[in-house]
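Here's a quick briefing on the fold and the ligand site. Have a look at the structure first, then go through the points below.

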Amino acid sequence: MSKKALIIGVSSQDGSYLADLLLEKGYTVVGTIRRTTTYSRENIAHLAGKIGIEAADLTDGESIAQAIKKHHPDEVYNIAAMSVPADSWSHPLYTGEVTGLGIVRVMEAVRHHAPHARVYQATSREIFGDIHAESANENTPILGNNPYGIAKAYAHMMVKSYRESYGMFACAGILFNHESPRRSLHFVTRKITAAVACIVNKVSAPPLDELGRPLVVDGKLKLGNLDAWRDWGYAKEYVEAMYLMLQNSAPKDYVIGTNTAYTIRDACRIAFEHVGLDWQRYVLSDQQLMRPTEITALKGDYSQARKDMGWAPRVSFAELIKIMVDADLKRFR
Ligand code: NDP
């Protein structure tokens, strides 16, 4: 009989790639989405009829418990979160409720209704905060410095606590930034690649940014700190690591990254050069879009994941940005 996976937050970038991967592996896949009155979910449109859907919210423990009771999954992937670090300063309580406490509701539901199930939690590199080191591994101290990173740190430690207290198979992937054509427009890489496409295709009504302004105004894209460094990988490859973690013989947390780092300036240069444009003519830095605190340039040392599971990134940063530009050129015609 095929294994059954429950993906909490299936409409996300990662949830949708994970569903693709698990279907390829022969799983029965059920995904949760938040109940809303509109059901336009671009990331999972291609999965219609291939996966089951349940409405569940991480703030509503009963809805999570119902999904787990009904489906008795073998594997539960908690992908959902208030996932935008920059928004966490304006929504610190909601971030704590969803990104911090959400996984506790999942762990309680699994403990009571499907104790055999293996659980994956989406931890973030943001738990390390402003640590001054070249790279981070599984032993790096947790020094989160924004509401999102601190909520993720709490969630991360609760997963460890359930593992140790109840012997549950629960583990967390400490993932560095990962992007794709399915990345939400809240994030800088997608803003850049969508803006390139809107400029090249002369789109008259570009999508709106988080301040409700068109992403491109008078041919210019406004971003925050262009000198921020990130370790960026390809989401499609990162979901493979999530799956591999739940196939291990024992639960263990892993850092997943590329062990490289680039600036936002680099992302702009690669994206605009890909269509033959000079980024400096199109990109401005806007104080309103700066984070109150920045995280340091830190690379994700994935050597433990490579050693134990054979996982390693394959797509380079430049290739990733080009994949995203090409997808947005098609999307924004
Ligand atoms: P996305 O931003 O694409 O998606 C977040 C998902 O969470 C959406 O499906 C959203 O639903 C759902 N969600 C938000 N609030 C709730 C709630 N209260 N109840 C249920 N679902 C909710 O995420 P990514 O795919 O980029 O990331 C996946 C996970 O990995 C997240 O937990 C993120 O924090 C974490 N992570 C991501 C990294 C990255 O670089 N992408 C790096 C490290 C960690 P809706 O569509 O309705 O808004």
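**Sheets and ligand site**

E9 and strand E10 (residues 220-223) run antiparallel and are joined by two bridges. Keep in mind that this is a predicted model. There's also an open sheet of seven strands, plus a ligand with 26 residues around it.

**The three-stranded sheet**

- E9 and E10 belong to an open sheet of three strands, ordered E9-E10-E15, and its pairing is mixed.
- Strand E9 (216-217) and strand E15 (283-285) are the edge strands here, each pairing on one side only.
- For a specific pair to click on, take Val 217, whose bridge partner in E10 is Lys 220.
- Helix H6 (residues 188-200) packs on this sheet and touches E9 and E10. The direction of H6 makes about 175 degrees with that of E10.

**The seven-stranded sheet**

- This one is open too, with parallel pairing and the strand order E3-E2-E1-E4-E5-E7-E13.
- Strand E3 (52-55) and strand E13 (254-256) sit at the edges with a single partner strand each, so one side of each has no neighbour in the sheet.
- From one strand to the next, the twist averages 20 degrees.
- Four bridges link strand E4 (residues 75-78) with strand E5 (residues 118-124) in the parallel sense. Tyr 77 has Tyr 120 in E5 as its bridge partner.
- Helix H1 (residues 13-24) packs on the sheet, where it touches strand E1 (4-8), strand E2 (28-33) and E4. The direction of H1 is at about 175 degrees to that of E1.
- Helix H5 (residues 147-166) packs on the sheet as well, touching E5 and strand E7 (170-175). Its direction makes about 155 degrees with that of E5.

**The ligand site**

- Of the 26 residues around the ligand, the ones that come nearest are Asp 14, Arg 34, Ile 79, Ser 83 and Tyr 148.
- Backbone N or O atoms turn up close to ligand oxygens: one from Asp 14 lies 2.8 Å from an oxygen atom of the ligand, one from His 178 lies 2.8 Å from a ligand oxygen atom, and one from Ala 81 lies 3.2 Å from a ligand oxygen atom.
- On its own the ligand exposes 900 Å², and the protein buries 88% of that.
- H1, helix H3 (92-100), E5 and H5 each supply at least two residues of the shell. E5 gives the largest share, three residues.
- Sorted by class, the shell has eleven nonpolar, nine polar and six charged residues.

How values were computed:
Residues numbered from 1 in each chain as written. Predicted model: local features only at pLDDT ≥ 70, side-chain atom pairs only at ≥ 80, totals over all residues. Heavy atoms only, no water. Pairing = 2+ DSSP bridges. Axes fitted to C-alpha atoms, helices over the stretch in contact; angles between N-to-C directions. Contact = heavy atoms within 4.5 Å. Near = heavy atom within 4 Å. Polar contact = N/O pair within 3.5 Å; in protein donor to acceptor, adjacent residues only side chain to side chain. Areas by Shrake-Rupley, 256 points an atom, 1.4 Å probe, with all protein chains shown as cover. Nonpolar A, V, L, I, M, F, W, Y, C, P; charged D, E, K, R; others polar.
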